[in-house]
Amino acid sequence: MKEKLDSINIELLVQACQLGAQDIWFQGDLEIRINGIKPYSEMSDIIDVDAFLKSLETDGEYYIFSCNCGIPECSGWINGINVKHREKNIVWTNGNTKEVWILDKSKIEKDLIEVRKEVMNYKNFFAEKKIKYVGVGYNW
């Protein structure tokens, strides 16, 4: 019997930020939804992109989600996401709630290819306008 996969969507969110009339930039952040729901707090959590990308390569425990201050425990992430790689799937187990998600590797890879294309488009567009772009994909 075929295992039921959870749906995952990874998107780039871009927003304008301003500290003053001459200090304006655009910031890119990743958003992850599993089965249509963010598995992290929308108000206080961020996605640690480095941890997320590393989790796509090897098994282990990763703090993919963290408090926006950078300390996972601050927003209740006492344990990270336990990641196990299978042939075509990645299994995530939330170390705090024990919720398990079975994710399609190829869907994650396709979404990240699209995110990288979007980042390059935004970076090129904003560079022409002399507007800074920071956040996800800044070094891509």
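This is a short tutorial dialogue on reading strands, a helix, salt bridges and single residues in a predicted model.

User: Before we start, what should I know about the numbering and the model?

Analyst: Residues are numbered from 1 along each chain as its sequence is written, and side-chain values use heavy atoms, with hydrogens and water left out. The model is predicted, so local features need pLDDT of at least 70 and side-chain atom pairs count only at pLDDT 80 or more, while totals for chains, interfaces and linings use all residues.

User: How are strands and their pairing defined, and which strands does β2 pair with?

Analyst: Helices (H or I, at least four residues) and strands (E, at least two) are DSSP runs numbered from the N terminus, and two strands pair if DSSP finds at least two bridges between them. Here strand β1 (residues 8-20) is joined to β2 by 12 bridges, and the two run antiparallel. They form a hairpin with 2 residues between them, and L12 has L30 in β2 as its bridge partner. β2 also pairs with strand β9 (residues 132-135), this time in the parallel sense and over 4 bridges, with G135 in β9 as the bridge partner of G28.

User: What is the strand order in the open sheet of 4 strands?

Analyst: The order is β4-β6-β7-β8, and the pairing is antiparallel. At the edges are β4 (60-62) and β8 (100-104), each of which pairs on one side only. Neighbouring strands of this sheet are turned by 30° against each other on average, direction ignored; for such angles, axes are lines fitted to C-alpha atoms, for helices over the stretch in contact, and angles run from 0 to 180 degrees between N-to-C directions.

User: Which residue stands opposite I90, and which helix packs on this sheet?

Analyst: Strand β7 (residues 89-94) pairs with β8 in the antiparallel sense over 5 bridges, and I90 stands opposite L103 in β8. Helix α2 (residues 105-128) packs on the sheet and touches β6 (81-85), β7 and β8, its direction making about 65° with that of β8. Contact here means heavy atoms within 4.5 Å.

User: How do I read one residue of that helix, such as D111?

Analyst: A useful beginning is accessibility, where buried means under 20% relative accessible area, exposed over 50%, and partly exposed in between (1.4 Å probe, protein chains only). D111 lies in helix α2 and counts as buried because its relative accessible area is 12%. Leaving aside its neighbours within four places in sequence, D111 is in contact with I8, N9 and I10.

The next thing to read is polar contacts: a polar contact is a pair of N or O atoms within 3.5 Å, where within protein one must be able to donate a hydrogen and the other to accept it, and residues adjacent in sequence count only if both atoms are side-chain atoms. The side chain of D111 reaches the backbone nitrogen of I10 at 2.9 Å, and it makes a polar contact with the side chain of K107 (2.7 Å).

User: Where is Q27, and is this residue buried or partly exposed?

Analyst: Q27 is found in strand β2 (residues 23-34) and counts as partly exposed because its relative accessibility is 23%. Q27 and L13 are 14 residues apart in sequence and 8.1 Å apart in space, C-alpha to C-alpha. The side chain of Q27 makes a polar contact with the side chain of D29 (3.2 Å).

User: What is a salt bridge, and how many are counted here?

Analyst: Side chains of opposite charge can pair when their charged atoms come close. A salt bridge is a side-chain nitrogen of Lys or Arg within 4 Å of a carboxyl oxygen of Asp or Glu, and by this rule the count comes to 5 salt bridges.

User: Which residues are linked in a network of salt bridges?

Analyst: The network links E31, R33, K38 and E42. E31 forms a salt bridge with K38, the closest N and O atoms being 3.1 Å apart, and K38 forms another with E42, at 3.2 Å between the closest N and O atoms. K38 is buried, with a relative accessible area of 15%, whereas E42 is exposed, with a relative accessible area of 58%.

User: How far apart in helix α2 are E114 and K117?

Analyst: They are separated by about one helical turn, because E114 and K117 are 3 residues apart in helix α2. Their salt bridge has its closest N and O atoms 3.4 Å apart. E114 is partly exposed, with a relative accessible area of 40%, and K117 also counts as partly exposed, at 47% relative accessibility.
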